[in-house]
Amino acid sequence: MPTFNFPSFFRDLVRSRPDAPITVEAQEDFDLIADPLIRIEKSGYFRVDDIALLAETYAQLGHTPNSVWNQLRNKHFILPNWFKTDMDPMSDEYFAQQIRLWQLIAGVDREYVAELDEAEVAIPNVDAIRLPGFYIWRSDAAVVSASDHVLATGMLMKHSGLKPGMWALEYGAGFAHTALAFARMGVNVDTVDISSTFCGYVKEQADFFGVNLTPFKALFGENPRGDQKYDLIWFYESFHHCVDFRNVIQKLKNHLTPTGRILLAGEPVAKRENAAVPYPWGLRLESEVVAVIRNRRWFELGFSEDFLTTLFVNNGYTAEYFDCPMSIFGQVYCFMPRTAKIELGKYWVPSVDENGWHAAEPMGRWTREHATIVLDKTENFTALEIAATNHHPNVQPVTITYGDVTTVVDFRPGERKSFRIDATIKASRIALSCRTIVPGGTGLPSTDTRDLGLYVHSFEYV
C-alpha cells in the first residue's frame, strides 16, 4: 500500500478521535488520494459521490467477515455545503432541509412517501410461527445477536407497568416478538405496521396461540380502534422511522390512559451530538446507515437525548431513562403524562442538564452554580411554584431565569420556602443560578466536599 503525506496532526487526530469533525484543510489533503477505498479508510469520511460505492459494497459484502466492507465500516458522511446547522430544529425549514438531505442520499428527486419508501425487505419462505424474525438466523453470531432482542423484550416488559387485562399498542411491530410476549401474559395488544405483509405474520401468531393480539395496517400516531385508551404504547427499533414525529408525539397523549406510558427501545439516541448524528435530529450519517438509505430508501433518523427528551417534556410528559449495561438495544426511554408536581428526588435529569445538578436524594437535589431543567410548554398552567431550602449558614441569593424574565429570590440561612414565578408566556427550560459552597471548607464540621448551591425539592405547575 502506498504511503500518503497528509498532515501528521490530522493523522493523529483520526487515530485518537474518529468522531472528530474533519477540517477543510485536512479533507483537501485526503482528496488527493485517488483510490476512494483508501481515502475513506484513512480519513474516516466519505462524500456524496462515494455513496454508490458504499451502497453496492454493503449490499454485496456488508455481512461477510473480513471483506472490503471493513475499510468502509463506521465511516461518516460529510454534510453538503448547503446544509445549515444553526436552524431551529423544530422549524419547517429544518424539516425541509432533512427531506432534501434524504433525497440526496437516497438518490431520488421526489418527496418522501412512507407507504412507498418504508417497504419491508422481502424474506423468502417465512414461518411466522416457528421461525419468526431472528429465529431464522444461522450465522456464527446468530445466538449472540438474538440475545440483544431478547434482552430488549425483557426491558420493555420490566418497565411496561402492565398487568393482565390492560391494553397495549406497538407501532412498527414487524414480527411483534414483544407484542406476542405481552399477549401471552394476558395483555390485550394491538399492533400497527405500514406493511400488510407483517400484519399477516402477526395475525398468524395470534391465531396459533389463541391470544388477544390484533394487527392493524396504519401509520404512526393513528389509533387503530378510534378512541381506545392504552396503558402502554411502545416503539422498538421503529421510532427512528417516524418522520412525522413532531405531530405524532402530540397525538400519542390522546391514546394514553392518565397513568399510561410510552416506551422507546432499540432507538439511535445519542447522549451528545456526534459524527453520526451531528445535529439535534436528522438522518444518521454512518456508512452502514447511508448505504441502507440508498439501497432501501428508508428514512433512518437519529436523535440527541436532549432534543428527544425536551420534545416530549415540552409536550406535557415526564421523561426517564433505564440503562441496560448488557445491550444498547435494551436501553429504554420512558415518557408519561406529567403530574402537577415534579419531585426532584425522584426525577431523572437528561445528560445535557445533569452537570448542573448533584445526584438525586430522598427529598430533592442540590444545584451546582448553574442548573437547568426542561419543563412543560403546553397551556395547562399559568405559574410555576418552586420549593427549596438554603442549608447554608449565610444568605443565598438565587437568580431564576424563565424565558425572558429574570427574578432574584433571597433565602435566609436555613430557610425553606416556596415561591411562584409567572408562566403565562411559556419557556422550554428554567435556570437557577447561585453561588456554591463546599461545606467542608466553611470551618463547620463536615466531610462533604461537594460544591453545593440550593437544595430544590420540587417544581409545581399551577
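Of the 462 residues in the protein chain, 51% count as buried. The structure discussed here is a predicted model. Its protein chain contains 13 helices and 21 strands, and the C-alpha trace spans about 70 × 65 × 40 Å along the principal axes. The radius of gyration of the protein chain is 25 Å, which agrees with the value near 23 Å that a compact globule of 462 residues would have. The contacts tell a story about distance along the sequence: among those between residues at least 6 apart, 67% join residues at least 24 apart. On the outside, the protein chain exposes about 21900 Å², and carbon and sulfur atoms supply 53% of this area.

A good place to start a closer look is helix α5. This helix covers residues 92–106, 15 residues in total, and reaches 21 Å from its first C-alpha to its last, close to the 21 Å expected at 1.5 Å a residue. Which residues of α5 are buried? The list consists of Y94, Q97, Q98, I99, L101, W102, Q103, I105 and A106. These buried residues pack against three helices and two strands: α4 (51–61), α6 (114–117) and α11 (287–296), together with β2 (76–77) and β9 (281–283). Just after α5 comes G107, which takes a positive phi of about 75°.

Helix α6, one of the packing partners of α5, leads on to the charged pairs. How many salt bridges does a search of the whole structure find? The search returns 20. In one of them, the side chains of D117 and R297 meet at 2.9 Å, N to O. Because D117 belongs to helix α6 while R297 sits in the loop between α11 and β10 (301–304), this pair ties together parts that are 180 residues apart in sequence. The two partners can be described by their accessibility: D117 is buried, with a relative accessible area of 0%, whereas R297 is partly exposed, with a relative accessible area of 27%.

A second salt bridge brings together the side chains of D376 and R338, at 2.6 Å, N to O. D376 lies in the loop between β15 (370–374) and β16 (383–389), and R338 in the loop between β12 (332–337) and β13 (341–343), so the pair ties together parts that are 38 residues apart in sequence. Both D376 and R338 are buried.

The loop between β15 and β16 also holds E379, whose side chain meets that of K426 in a salt bridge of 3.6 Å, N to O. K426 lies in the loop between β19 (416–422) and β20 (429–433), so this pair ties together parts that are 47 residues apart in sequence. Are the two partners buried or exposed? E379 is exposed, with a relative accessible area of 62%, while K426 is buried, with a relative accessible area of 15%. As for wider connections, salt bridges that share partners join R110, D117 and R297 into one network.

The loop between α6 and α7 (142–158) offers a view of the surface through L131. Where L131, Y135, I136 and W137 come together, they form a nonpolar patch on the surface, with about 350 Å² of accessible area together. L131 itself is partly exposed, with a relative accessible area of 31%. V121 also lies in the loop between α6 and α7, and V121 is partly exposed as well, at a relative accessible area of 32%. Which residues does V121 contact, leaving aside its neighbours within four places in sequence? The contacts are R296 and W298. By contrast, the C-alpha atoms of V121 and P413 are separated by 66 Å, with their positions 292 residues apart along the chain.

A final example comes from helix α8 (residues 177–184), which includes T178. With a relative accessibility of 3%, T178 counts as buried. Not counting residues up to four places away in sequence, T178 touches T153, L156 and W234.

Terms used:
Residues are numbered from 1 along each chain as its sequence is written. This is a predicted model: local features need pLDDT of at least 70, side-chain atom pairs count only at pLDDT 80 or more; totals for chains, interfaces and linings use all residues. Side-chain values use heavy atoms; hydrogens and water are left out. Helices (H or I, at least four residues) and strands (E, at least two) are DSSP runs, numbered from the N terminus. The expected span of a helix is 1.5 Å times one less than its number of residues. Buried means under 20% relative accessible area, exposed over 50%, partly exposed in between (1.4 Å probe, protein chains only). Contact means heavy atoms within 4.5 Å. A salt bridge is a side-chain nitrogen of Lys or Arg within 4 Å of a carboxyl oxygen of Asp or Glu. The radius of gyration is taken over C-alpha atoms; the globule rule is 2.2 Å times the number of residues to the power 0.38. Accessible areas come from the Shrake-Rupley method with a 1.4 Å probe; for residues, only the protein chains shown count as cover. Patches are made of residues with over 30% relative accessible area and no salt bridge: like charges are joined within 9 Å, nonpolar side chains (Val, Leu, Ile, Met, Phe, Trp, Tyr) within 5 Å.
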